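Here's a quick look at how a few pieces of this structure fit together. Have the sequence and the model open as you read.

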Amino acid sequence: MQRRLAWSAAVMAATTLLTAWAAGTFSGAGATFPYPLYARWSHAYRALTGSAFNYQSIGSGGGILQIQRGTVDYGASEYPLPPKDLDRHGLVQFPMVVGVVVPVVHLPGTDLRPVRLTPELLADLFLGRVARWNDPRIKALNPGMDLPDLAVGIVARADGSGTTWLFTRYLSRVHPGFASRVGVGPSVKWPSGIAAKGNEGVASYVREVAGALGYVEYAYALQSGLRVVALETPGGTFAEPNRGSVHAALGREDWASNPGFELDLMDNTGPGGWPILGASYILLPREHKDPSKGRALLSYFSWCLREGAKAAEDLNYFPLPTKVVDRVEGHWKDNVRSGGRAIWP
Amino acid sequence: MPTGSIQAASPSARGHRADAGAKHRSTMDALFRGTSLAFAVLVLVILGAILLVLLFQSSEAFLRFGPSFLWSSDWDPVRDLYGALPSAYGTVVSSLIAILIAGPVGIGVAVFLTEMAPPWLSRPVGLGIELLAAIPSIIYGMWGLFVLAPWLNRVFYAQLQEHFGFLPLFKGPSLGISMLTGGLILAVMILPFIASVTRDVFRLIPPMLKESAYGLGSTTWEVIRNVVIPYGRSGIVGAIFLGLGRALGETMAVTFVIGNSHVISASLLSPSNTISSTLANEFAEATTPLHVSSLVALGLILFLITTLILSLAKFLLWRMEKALPGGSKR
């Protein structure tokens, strides 16, 4: 009896090991911003299929480096690689989820209405050219708001991040002076102010410093309860950062046709669309020696994009619109290969 | 030191018969000596290896910018331009602020604990100071950010600016997150080291010296001034440099409160940066090879600053020890 039990236990262990091996274990590395979502997806997918998709959030720069060297199965980046880099390293790039950046302010008082700003004025604030909150340009946009005679304290990200990349790209687009003075990058040289590590660092600096103006990811703006900025959009309406305004912006453009799927809505949000948003990307090799392994990777990402949309919304990320998901899968069909043959679908 | 103990042990060994046991013991001795030598050499090898890696990996930055990397104050990842001065300056100045505050306070604590406090007080206070040293630096950082910095800004910095705002040291808008806050938090962190090492040094002073001084009619102040401090001088210097070494390399707590801004400002109320906080912030997302190399170069500079300061400490101690026997106080 006992021997029988031992045998069946051994057989069971062996089959579990075998299925685990067959289902496979994949490793990925990169961006920190989508990490909670990737972890959630990977957990749910493992429960469903037994395949493990491990993810290390070491930062976009690290993710790009690792996938270029081929030490991981997939990389994740918060900023798109230019097409020539993708060609040089034989990589395919596609968006997974949309990230949104929100400027947050701390003004004393109980008024929590969003502070209205034009895009140019926001850039001027971050350039240090508007020094105080009671500046006539801010007052003119916010009639009736109690704007104190308080210095504007800029709070930026100290660590390199996709958030900074997205935000500086936006400011550079709307303000030529910002483009020439500061430029676009995951970490930049800010003309003034202080800097903190991580979204939570920026949020806590803004909360501690009266007169602070910073920028954080949407989820952090929501959780911190900080006062946000409403931005003027084409046609003169002001967009507040919320689900409605982000969806309004996302629905505008067929960005899936951009090279490398770069999400570039900043000139084309239309009235009422929130303009500061961008996609978080996955990087895969174009050529897969083992077609079944390549197919397993793509199946996972397809599942995330379609079935995982609900989880994304729960965690305050924005899933891709369905038509973009269709384009992404079409892109796999044309570009991901094994021995010259397409492996998807 | 090891040779001394071996010589001390050999006469007793000779007393026994020269048998297998003694032979066994001598091979054990050789083995022991060999292993401890290997451990000691390992330290030097690791140190050398670190230096080599730093030199090798920072070469790109130094080849590109030349020696001007040391005094350039540009740090602009977008244009791929890097200079070490803001971080190096922040490292040195914040550590100096810390030592200027924690040095005298630490010595004062040690004097009180050894010379004045009744035993029922000196034990718990001494224990408390040692516990302070065991708090992880991230806790100091969070406390600094959420409690100390807002309080300093509201109360202390506001007063400073009101009364001394004309000095360039305290000019400019104050956000509470600044070089001075960084220095103050460092002072709190290194205080326990300075206080407990100094206290141990004072405890080693022969009671007879102090009692003789009291017997001659000295007051407590005179005993401390003329016996305790001069006798423990080299130990105090050692304690201060130990604290300075820790302040130079401290990372997390400073990162939280110094503002992480690559700017050199005369005002202590402006945000600044240190080498170690720059490394902590930027290493993970440094994308260009030149950025990575410049960060490693910063690490090399920190290594050199620390070496320089430790050498200075050794030199001071050596001069004091040389001066002591000759000028042996009366």
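Two strands count as paired if DSSP finds at least two bridges between them. Keep in mind that this is a predicted model.

## Strand β11 of chain A and its neighbours

Let's start with β11(A), which covers residues 277-285. This strand is mostly covered, with nine of its nine residues buried.

Which strands pair with β11(A)? One is β4(A), residues 91-105, which runs antiparallel to β11(A) and shares nine bridges with it. Here A:V97 sits opposite A:S280 of β11(A). Another is β3(A), residues 74-77, again antiparallel to β11(A), this time over three bridges. In β11(A), A:L283 is the residue that A:G75 stands opposite.

## Helix α5 of chain A

Over in chain A's helix α5, residues 119-126, which residues are buried? They are A:L121, A:L122, A:A123, A:L125 and A:F126. Just past the end of α5(A), have a look at A:G128: its phi is positive, at about 80 degrees.

## Where chains A and B touch

Now for the contact between the chains: chain A puts in 27 residues and chain B 24 residues. On chain B's side, at least two residues each come from β1 (75-76), α6 (137-164) and α12 (275-282). The largest share belongs to α6(B), with three residues.

What is the make-up of chain B's side by class? Nonpolar residues number 12, alongside eight polar and four charged ones.

Terms used
Residues numbered from 1 in each chain as written. Chains lettered and ligands numbered in written order. Predicted model: local features only at pLDDT ≥ 70, side-chain atom pairs only at ≥ 80, totals over all residues. Contact = placed C-beta atoms within 7 Å. Helix = DSSP H or I, 4+ residues; strand = E, 2+ residues; numbered from the N terminus. Nonpolar A, V, L, I, M, F, W, Y, C, P; charged D, E, K, R; others polar. Buried ≥ 20, exposed ≤ 12 C-beta atoms within 10 Å, placed from the backbone.
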